[in-house]
Amino acid sequence: MQNNHHKEHLYKILVIGDLGVGKTSIIKRYVHHNFSPNYRATIGVDFALKVLNWDQETVRLQLWDIAGQERFGNMTRVYYREAMGAFIVFDVTRPASFDAVTKWKEDLDSKLTLANGKHVATVLLANKCDQGRDVLTNNGIKMEQFCQENGFVGWFETSAKENINIDEAANSFPVFKLG
């Protein structure tokens with residue numbers, strides 16, 4: 001017999017950013033707890049499901065791994081539909097991938113708004129922090145300021161390879177506090 005107090009939630013979370021920044025690796029680390037250096041580039045979109053059990057609630061996170069070259073495609077509007085949150089990922093060893101972050105955020109904000117008219121909660125991930133420190137992420141105050149100015153709810157230095165801040169970033173979404 002099912003407990004009537006048990007709630008289930010399904011949240012669609014987008015994982016976007018330039019090609020090769022580690023989106024698939026972050027998802028694989030978070031969902032399957034493993035890392036492989038040998039991923040092929042994602043074509044179009046891929047999915048993963050993470051199930052979390054909290055008290056009387058089951059939360060199903062549907063993670064949408066959207067290929068880096070898709071930003072200018074017309075399909076992103078379809079992929080973004082009904083998402084409750086997003087990670088925008090950049091590679092700390094490749095400054096150009098950080099330069100693209102604002103373009104990804106603008107694209108996301110132009111194509112997706114919540115029912116209340118607000119933008120979805122977006123967390124910035126500075127990935128591959130195990131490979132040396134970026135000038136930007138070395139200055140946490142600058143990163144905080146960048147996030148405030150560009151509508152991010154926060155940022156994390158992450159490493160899918162070394163499993164640094166992956167769970168912390170995922171658990172930071174304000175969407176979970178809605179339940």
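A charge is taken to sit over an aromatic ring if NZ of Lys or CZ of Arg is within 6 Å of the ring centre and within 35 degrees of the ring normal. In this predicted model, K105 lies over the face of F152, at 5.7 Å from the ring centre. A second lysine is placed in a similar way: the charged end of K12 is found over the ring of W64, 3.6 Å from the centre of that ring.

F152 also takes part in contacts between rings. It belongs to a cluster in which ring pairs link F90, F98, F146 and F152. Across the whole structure, a search returns 4 aromatic pairs. One of them joins F90 and F98 in an edge-to-face arrangement, with 4.8 Å from centre to centre and 65 degrees between the planes. F90 counts as buried because its relative accessibility is 0%, and the cut-off for burial is under 20%. F98, with a relative accessible area of 11%, is buried as well.

A further ring pair brings F98 together with F146. Here the centres are 4.8 Å apart and the planes meet at 50 degrees, so the pair is classed as tilted. This contact connects distant parts of the chain, since F98 lies in helix α3 (residues 95–99) and F146 in helix α6 (residues 140–150), 48 residues apart. Like F98, F146 is buried.

Taken from the side of F98, the picture is a helpful one to follow on screen: the ring of F98 is edge-to-face with F90 and tilted against F146.

Methods: Residues are numbered from 1 along each chain as its sequence is written. This is a predicted model: local features need pLDDT of at least 70, side-chain atom pairs count only at pLDDT 80 or more; totals for chains, interfaces and linings use all residues. Side-chain values use heavy atoms; hydrogens and water are left out. Rings of Phe, Tyr and Trp (its six-membered ring) pair if their centres lie within 6.5 Å; planes under 30 degrees apart count as stacked, over 60 as edge-to-face and the rest as tilted. Buried means under 20% relative accessible area, exposed over 50%, partly exposed in between (1.4 Å probe, protein chains only). Helices (H or I, at least four residues) and strands (E, at least two) are DSSP runs, numbered from the N terminus.
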